[in-house]
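Let's walk through this structure together, one neighbourhood at a time. Keep the view open as you read, and turn it whenever a new part comes up.

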Amino acid sequence: MAVKLGDLLVKSKLISNEQLQEALKEVQSSGMKLGESLVKLGYITEDDITETLSAQFGVPSINLSHFEIDPAVLKLVAADVARKYNILPVNKTGATITIAMADPTNVFAMDDIKFMTGYNVEPVVASEAALQLAIDKHYGATHALELKKVMEEMSVTDTADTSLEVVEESEQQTIDLEKLVDEGEEAPVIRLVNIILTDAIKRGASDIHIEPYEREYRVRYRIDGILYEVMNPPPKLKEAIASRIKILAKLDIAEKRLPQDGRIKIRMKLTGKVKELDYRVSVLPTLFGEKIVCRLLDKDNLMLDMTKLGFEKDSLLKFEKAILRPWGMVLVTGPTGSGKTNTLYSALSRINTPETNIITAEDPVEFNLPGINQVQMKDQIGLNFAAALRSFLRQDPNIILVGEIRDFETAEIAVKASLTGHLVLSTLHTNDAPSTINRLMNMGIEPYLVATSVVLIAAQRLIRRVCASCKAPTEVAPQVLVSLGFTAEDAKSVQVMKGKGCEKCNNTGYKGRVALVEVLEISEEIRELILSGASSIEIKRKGLEEGMVSLRRSGLQKIKDGMTSIEEVVRETVL
């Protein structure tokens, strides 16, 4: 079909002969298909290809991203057949089945499907990329076909595509646990776990959830903050999969009643480069087996450039001024997974110089930062945040990072450290910056200590960015924008962007994330409010008077800049 498609596009004057030749060279060197190559080079769009094929062969085109398919129709064609021919069944009417195809001239595919299903076949045209995405969506992950083979080929060893090298994997085999270890080290189980770990990296996932239920076993990935179901391994494999992951994470495979935490360190070859990756593993006993969550810690995704985190210009200046102080406490607040650690690591990178002694207490240490002394908490032997902080003060530090202030003891030592010539950075779980003040006082810290020690509080949330490849302006009524918080004047000029959905963003319309940040600088007036026992509402009101950019206002600015959508800002902020 490659030459035929190229000739059709040249004949339609959508591309030139020179562009076709360049694309064919790309096809030879990369192995991709001609249509993909032309789209990648920017000569045409996927829609151009489908419209050309539709007009040439008199076959209707279809936009699969806007089409809901009945699961009963999908069952008529097996996943391996759909992948083999790059086709997708989309509808059934009477004795006819409608098949979406990239090549409507492929009579072999149509004959095979007619023979297998017993239905007449009616083709419609869709782009190759859209078909691949739709097949992944409806039949499972990219590795669905390989997953099927894993279940069948009990004797096959790891393939190059899914090969992982475990760094410093310890031997944990004992006679009592022989069966568990054998199950966890069967070739198909090893391959399946490798597929789960590697597919997560390729899809840009931050977490892997492996969950057992009464009648099903599912794997979900968290991509840009949203969970997507990607595969359903047979429930009979749940014990073997759990054992394999526990072996990799150096956990007790015989202990199934208590939660366990561990870490997997692997080397993986991806796009010709060897990457070293860390997974933070948490195992939790549930009613029907052990739920496993793996948090992917990829150094390549660590954003240490503070200007790219999402701070507004004034907020960033205030934050930098605070972390460059010789003493005081800077707090970053927000829920789990809101990017607090990334912000703190960025701050440390900004102030890490040969003249400073920086010590951190973390649970767990997520990334190794050169030039910084990082300490891993171990509660089971009494090394908690409070014990570590006491020890730190005897280590002649300039800057101390406390992973999280969880109790009065830790808060008290951190406050005292900040008042004795140290810069203390830490995190808390609060809804916004002003409520952090009350949270510290509720822990038992005296108002005068809070007022004199805290110099700045940054509250943050992570929201999804609109996909840069498919974003387009969308019409929104000015009154809606005003109700969100825009001024009447701004509402007339704001151009709201929305992602249409494309192959790069997996048809979600979103790709990547950005932080919304609310920075409260503790001024003399706010100190007086704290000392007088003011509520968080009063502190917030004063902060806004002094120029604090609230989380909602930060979100509105991101909408104005075309970075995100209204839905994302409304989901994470309140007026």
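Strand E5 (residues 207-212) and strand E6 (residues 217-223) run antiparallel and are joined by 6 bridges. Keep in mind that you are looking at a predicted model. The two strands form a hairpin, with 4 residues between them. To find your place in this pair, look for His209, whose bridge partner in E6 is Arg220. E5 is also joined to strand E10 (residues 289-297), again antiparallel, by 4 bridges. Here Asp207 of E5 has Arg295 of E10 as its bridge partner.

How many residues of E5 are buried? The count is 6 of the 6, so the strand is largely enclosed by the rest of the structure. Asp207, His209 and Glu211 point one way from E5, while Ile208, Ile210 and Pro212 point the other way, and all are buried.

Now move along the chain to an open sheet of 7 strands with mixed pairing. Its order is E13-E12-E14-E15-E11-E16-E19. Strand E13 (373-376) and strand E19 (510-521) stand at the edges with a single partner strand each, so one side of each has no neighbour in the sheet. From one strand to the next, the twist averages 20°. One pairing to pick out is that of strand E12 (residues 358-362) with strand E14 (residues 399-402), which is parallel and spans 4 bridges. Within it, Ile358 has Ile399 of E14 as its bridge partner.

Several strands of this sheet come up again around helix H13 (residues 313-323). The buried residues of this helix are Ser315, Leu316, Lys318, Phe319, Glu320, Ala322 and Ile323. What covers them includes strand E11 (328-333), helix H14 (340-351), strand E15 (423-428), strand E16 (454-466) and E19.

Next comes a pair of helices. Two packed helices are described by the angle between their axes and the distance between the axes. For helix H15 (residues 385-392) and helix H16 (residues 408-418), the axes come within 8 Å and cross at roughly 20°. That angle makes H15 roughly parallel to H16. The crossing is left-handed. Phe385, Ala386, Leu389 and Arg390 of H15 make the contact with Glu409, Thr410, Ile413 and Ala414 of H16. By type, the residues of this contact divide into 5 nonpolar, 1 polar and 2 charged.

The loop between H15 and E14 holds Leu393. Is this residue buried or partly exposed? Leu393 is partly exposed, because its relative accessible area is 34%. Leaving aside neighbours within four places in sequence, Leu393 is in contact with Ile400, Ile413, Ala417 and His422. Leu393 and Ile413 are 20 residues apart in sequence, and their C-alpha atoms are 9.5 Å apart in space.

Finally, a few details of the backbone. Most residues other than glycine have a negative phi, and most peptide bonds are trans. Asp396, in the loop between H15 and E14, has a positive phi near 55°. With a relative accessible area of 64%, Asp396 is exposed. Lys250 has a positive phi as well, near 60°, and is found in the loop between helix H12 (238-248) and strand E8 (260-270). Lys250 is partly exposed, at 39% relative accessible area. The peptide bond from Asp363 to Pro364 is cis, with omega near 0°, and Pro364 has its place in the loop between E12 and E13.

How values were computed
Residues are numbered from 1 along each chain as its sequence is written. This is a predicted model: local features need pLDDT of at least 70, side-chain atom pairs count only at pLDDT 80 or more; totals for chains, interfaces and linings use all residues. Side-chain values use heavy atoms; hydrogens and water are left out. Two strands pair if DSSP finds at least two bridges between them. Axes are lines fitted to C-alpha atoms, for helices over the stretch in contact, and angles run from 0 to 180 degrees between N-to-C directions. Angles under 35 degrees count as roughly parallel, over 145 as roughly antiparallel, 65 to 115 as roughly perpendicular and the rest as oblique. A crossing is left-handed if the near helix is turned anticlockwise from the far one by less than a right angle, and right-handed if clockwise. Contact means heavy atoms within 4.5 Å. Ala, Val, Leu, Ile, Met, Phe, Trp, Tyr, Cys and Pro count as nonpolar, Asp, Glu, Lys and Arg as charged, and the others, Gly among them, as polar. Buried means under 20% relative accessible area, exposed over 50%, partly exposed in between (1.4 Å probe, protein chains only).
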